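Please look over the structure shown here. The report below covers burial, aromatic rings and one polar contact.

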Amino acid sequence: MDRRRFLRRSSAQARSFFAPASPPGAPAPSPRIRLASPSGHRLGLSRSIRGGSGRTHDGPRSDGTARDADELVRILSSAAGSGSSVESSLNGAAAAAAMPPALVAEVLRKLSNAGALALSFFRWAEKKRGFEYSTESYHALIEALGKIKQFGLVWKVVDEMKQRGLLTKETFGLISRRYARARKVKEAIDAFERMGKFGLSLDLSDFNRLLDTLCKSRNVAKAQEVFDKMKGRFKLDLKSYSILLEGWGQEMNLLRMMEVYREMKDEGFELDVVAYGIMINAHCKIKKYDDAIGLYHEMLAKNCKPTPHIFCTLINGLGSEKRLSEALKFFEQSKAFGFAPEAPTYNALVGAYCWSMRMDDACRVLDEMRKCGVGPNSRTYDIILHHLVKARRSKEAYSVFQKMSNEPGCEPALSTYEIIVRMFCNEDRTDMALRVWKQMKDKGVLPGMHMFSTVIACLCHENKLDDACKYFQEMMDVGIRPPANTFSKLKQCLLDEGRKDDVLNFSRKIDKLRKTPLVSL
């Protein structure tokens, strides 16, 4: 459809999108039917490096498996909040009769923010009918334990995997990534080196994965150090240099990025489409958009066809600078290059409109996405919600959130709930924040550390200390170690109310959480 004709259509539908949602009990709107949207688009470099990572794959799962997983996660979450044992809570569940591999993997994936529950569930599930040990389920367990820094338990899981013949190189890549994100860089490198001790030979792809892990965890200087120290052990390729280009670009350090670029050129490597995308993104990050556009034209002059990701980068960058007309031109150019409509490209367009607060136009793009069968998805809504909240249009944001929840195939993600809960907390509307929190838990989505901290801080601010203590305890029950500033805030509020015993009790529990495993293997 011609874009000008599309945007001239009546804005009545857009206005209704931002209007208050129907009250409870009102007839639900007819659901829109859409095709499954493609996954989020990232640099081809990142995809190729992480293609065999230890993350659980997102292959097709039946509706029955998803429903059973949601039920089990709700039960586990309730058990954590009530102090009930996992085993007694799960045994009565209809979904607990058998534990096929797909269901185990799905539950563990949903428990990635609750390592203690993940391990308890795994130990319970392995005794059930239909259970099978798999690399996928072990990797999901390692991911959950790594997030709560239970690395002693992680290595015991590795020993189990070796005994069962399920150990892979991706296992060590996953462990390195969790170490790196915990700022344990030395341990991340040691995990890479330990592959050899488990009978797995190191090659260039493993080295590139380590570099990528360090760069993605904002340890780019250490990645450069490892690169300089170890490059004699491997025959480097363009990907090795591209990882460092991307790392320094994300750090907005163009000086170091250009040093890597010159070394790459000296070694006989030329920029390919992935490397060009990295360079364009780096220039956009430091708001040198004209230079980024210059690199785009340099690509074309060299007959290097841009990827959809490059168009996304330019649309996002120009849109954020409110250079909307230029962003729209790059959207049209992406279509002129023959790329089929993709959700990430449309999401970039939605974001460009939102930066200019042209919300009606952003809404009409959603309608176009539905017509093309490529969305919207939860990321699309997150973009709109972010801008509405930033503009203090909270009533409209909540309306969009409610309507999003009713759109088939577009359920809110954890990031969506975080946006709305934080919005209500910032407005001191704790009742609404907790209502959304409950809705999230009922959907089988578990909160992470930052979301717990936001709610606890809000409850402290409103002097609802019993509730603050309840959520603080729940955070520890699922295995999340409370951040120092969160405990400090709660501690001061409790002391101000003369509740020294509660402070001492929490202090002991935090110390125990820091020193001892949460659950035995």
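Helix 7 (residues 115–125) is largely enclosed by the rest of the structure, because eleven of its eleven residues are buried. This is a predicted model. The buried residues of helix 7 include G115, S120, R123 and W124. F121 is also one of the buried residues of that helix, and F121 is among the residues with the most contacts inside the largest nonpolar core. That core has 170 residues, and L72, F207 and L245 are likewise among those with the most contacts inside it. Leaving aside residues up to four places away in sequence, F207 touches F192, V226, F227, M230, F234 and L236.

Aromatic rings come next. A search of the whole structure finds 25 aromatic pairs. Two of them are set out below.

| Pair | Distance between ring centres | Angle between planes | Arrangement |
|---|---|---|---|
| F131 and Y133 | 4.8 Å | 85° | edge-to-face |
| Y398 and F401 | 6.1 Å | 25° | stacked |

The F131 and Y133 pair is edge-to-face because its ring planes stand at 85°, and the cut-off for that class is over 60 degrees. The Y398 and F401 pair is stacked because its planes stand at 25°, where stacked requires under 30 degrees.

F131 counts as buried, at 12% relative accessibility, whereas Y133 counts as partly exposed, at 29%. The ring of Y133 also has the charged end of R164 over it, 3.6 Å from the ring centre.

Y398 and F401 both belong to helix 23 (residues 394–405), where they are three residues apart, about one turn of the helix. Y398 counts as buried at 14% relative accessibility, and F401 is buried with a relative accessible area of 0%.

Elsewhere, one aromatic cluster is formed by Y296, F311, F330, F337 and F339. Within this cluster, F339 has the charged end of K305 over its ring, 4.8 Å from the ring centre.

Which residue shares a polar contact with T416 through its side chain? The partner is D382, and the contact joining the two side chains is 2.6 Å. T416 lies in helix 24 (residues 414–426) and is buried, with a relative accessible area of 0%. Not counting residues up to four places away in sequence, T416 touches S378, D382, L385, F401 and M404. One of these, F401, is the ring stacked with Y398, so T416 of helix 24 touches a residue that lies in helix 23.

Technical notes: Residues numbered from 1 in each chain as written. Predicted model: local features only at pLDDT ≥ 70, side-chain atom pairs only at ≥ 80, totals over all residues. Heavy atoms only, no water. Phe/Tyr/Trp six-rings, centres within 6.5 Å; stacked < 30°, edge-to-face > 60°. Buried < 20%, exposed > 50% of the residue type's maximum accessible area, 1.4 Å probe, protein only. Helix = DSSP H or I, 4+ residues; strand = E, 2+ residues; numbered from the N terminus. Lys NZ or Arg CZ within 6 Å of the ring centre and 35° of its normal. Core = buried A, V, L, I, M, F, W, Y, C linked by side-chain atoms within 4.5 Å. Contact = heavy atoms within 4.5 Å. Polar contact = N/O pair within 3.5 Å; in protein donor to acceptor, adjacent residues only side chain to side chain.
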